[in-house]
Amino acid sequence: MDKASVEDTTEATEEADATTESEEDVNARTVAYNEAIRAFIEEGRIPPYEEEYFEEPSEMNQYAICDVNSDGKDELLIRVNDGAMASLCIYVFLYENDEMRQIGTFFADDTTTFYDNKVVTSPLSHGAGSWGENFWGVDICVYNEELGEYEYRYVTDAWDSSIEDVWHGEDQVFPSEADKDGNGMVYYYIEYANDEYVESEPMDDEAYYAWFDEVAGSGNPIVIPWEYAVR
């Protein structure tokens with residue numbers, strides 16, 4: 001074996017060692033998740049067990065243990081289905097280095113989807129008058145490995161010309177030139193970058209769904225093994 005091959009093998013081994021957890025670490029995570037699930041089922045408490053995280057116990061709520069951000073470590077998902085609209089959330093926790101951290105929060109809806117490319121799409125909890133019945137906006141979040149948490153990246157929007165004649169003010173008329181298929185719908189995405197919200201140019205159906213597939217659909221949906229919080 002030549003020197004270059006030895007160096008490549010050494011680097012690969014070091015990288016593998018850096019990402020491989022000990023059995024002790026894995027067992028500690030299992031214990032922490034099991035205790036969190038017990039507290040959730042029996043007491044309605046959610047980590048870190050402070051007052052603002054308190055929910056009433058309910059057998060409508062759910063939980064799961066699954067690797068949802070493709071980091072090789074299982075996360076704990078706690079899903080509150082029973083409550084007011086604002087409290088219907090999927091909380092994602094990761095236990096490591098003797099600490100339980102919340103790494104993401106998403107609207108608890110059956111269409112909220114975790115992808116194996118670290119993307120999560122989640123429908124907005126409230127609709128908008130300009131959408132009509134043909135569209136429902138979504139938040140798109142991406143797991144930031146450096147920060148160790150999910151980051152808000154995009155929200156999608158649309159304008160149904162049969163619902164509203166104006167957009168963001170009466171001086172803005174429907175952009176019919178962007179509606180290439182002539183169905184009266186155009187779409188936007190709003191990107192959050194550098195602490196600013198930047199709205200895209202209007203797109204027709206084909207352009208919008210091509211963009212959406214590039215951003216979110218390049219991964220495969222993860223099947224979450226939900227279980228009900230039955231005592």
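Here is a short question-and-answer tour of a predicted model.

Residues are numbered from 1 along each chain as its sequence is written, and side-chain values use heavy atoms, leaving out hydrogens and water. Since the model is predicted, local features need pLDDT of at least 70 and side-chain atom pairs count only at pLDDT 80 or more, while totals for chains, interfaces and linings use all residues.

User: How many helices and strands does the chain have, and what pattern do they follow?
Analyst: Helices (H or I, at least four residues) and strands (E, at least two) are DSSP runs, numbered from the N terminus. By that rule the chain has three helices and 11 strands. Read along the sequence, they give α-α-β-β-β-β-β-β-β-β-β-β-α-β.

User: What share of the 231 residues counts as buried?
Analyst: Buried means under 20% relative accessible area, exposed is over 50%, and partly exposed is in between, using a 1.4 Å probe and protein chains only. Of the 231 residues in the chain, the buried share is 42%.

User: Which strands form the open sheet, and which ones are its edges?
Analyst: Two strands pair if DSSP finds at least two bridges between them. Five strands line up antiparallel in the order β4-β3-β2-β1-β11. Pairing on one side only marks the edge strands, β4 (99–107) and β11 (227–228).

User: Which helix packs on that sheet, and what angle does its direction make with that of β3?
Analyst: The helix is α2 (residues 23–43), and it touches β1, β2, β3 (89–96) and β4. Contact means heavy atoms within 4.5 Å. Axes are lines fitted to C-alpha atoms, for helices over the stretch in contact, and angles run from 0 to 180 degrees between N-to-C directions. On that scale, the directions of α2 and β3 make about 150°.

User: How many bridges join β1 to β2, and what stands opposite Y63?
Analyst: Strand β1 (residues 62–66) and strand β2 (residues 75–79) run antiparallel, joined by five bridges. Opposite Y63, in β2, stands I78.

User: Is β6 largely enclosed or open, and why?
Analyst: Let's look at both ways its residues point: V119, T121 and P123 go one way, V120 and S122 the other, and all are buried. In general, side chains in a regular strand alternate between the two faces of the sheet. Because five of the five residues of β6 are buried, the rest of the structure leaves β6 largely enclosed.

User: Which strands does β6 pair with?
Analyst: With β5 (residues 113–114), β6 pairs in the antiparallel sense over two bridges, and F114 stands opposite V120. With β7, the pairing is again antiparallel, over five bridges, and S122 stands opposite D139. So the names here are β5 and β7.

User: Where are the buried residues of α3, and what covers them?
Analyst: D205, Y208, W211, F212 and V215 are buried in α3. They cover an arc of only 135° around the axis, which means they sit on the same side of α3; the arc is that of the directions from the helix axis to the C-beta atoms. The face turned away from this buried side carries the exposed E206 and E214. What covers the buried residues includes β6 (119–123), β7 (138–144), β8 (149–160) and β9 (185–193).

User: Is S200 buried or exposed?
Analyst: S200 is in the loop between β10 (196–199) and α3 (205–215). Leaving aside neighbours within four places in sequence, S200 is in contact with Y188 and Y189. Its relative accessible area is 13%, so S200 is buried.

User: How many aromatic pairs are there, and which residues do ring pairs link into a cluster?
Analyst: Rings of Phe, Tyr and Trp (its six-membered ring) pair if their centres lie within 6.5 Å. The structure holds 20 aromatic pairs. The cluster consists of F135, Y154, Y187, Y189, Y208, Y209, W211 and F212.

User: Which residues take a positive phi without being glycine, and where is the cis peptide bond?
Analyst: Most residues other than glycine have a negative phi, and most peptide bonds are trans. S70, in the loop between β1 and β2, has a phi near 55°, and N194, in the loop between β9 and β10, has one of about 55°. S70 is partly exposed at 34% relative accessibility, whereas N194 is exposed at 73%. The cis peptide bond, with omega about 0°, joins P47 and P48.

Methods: Phe/Tyr/Trp six-rings, centres within 6.5 Å; stacked < 30°, edge-to-face > 60°.
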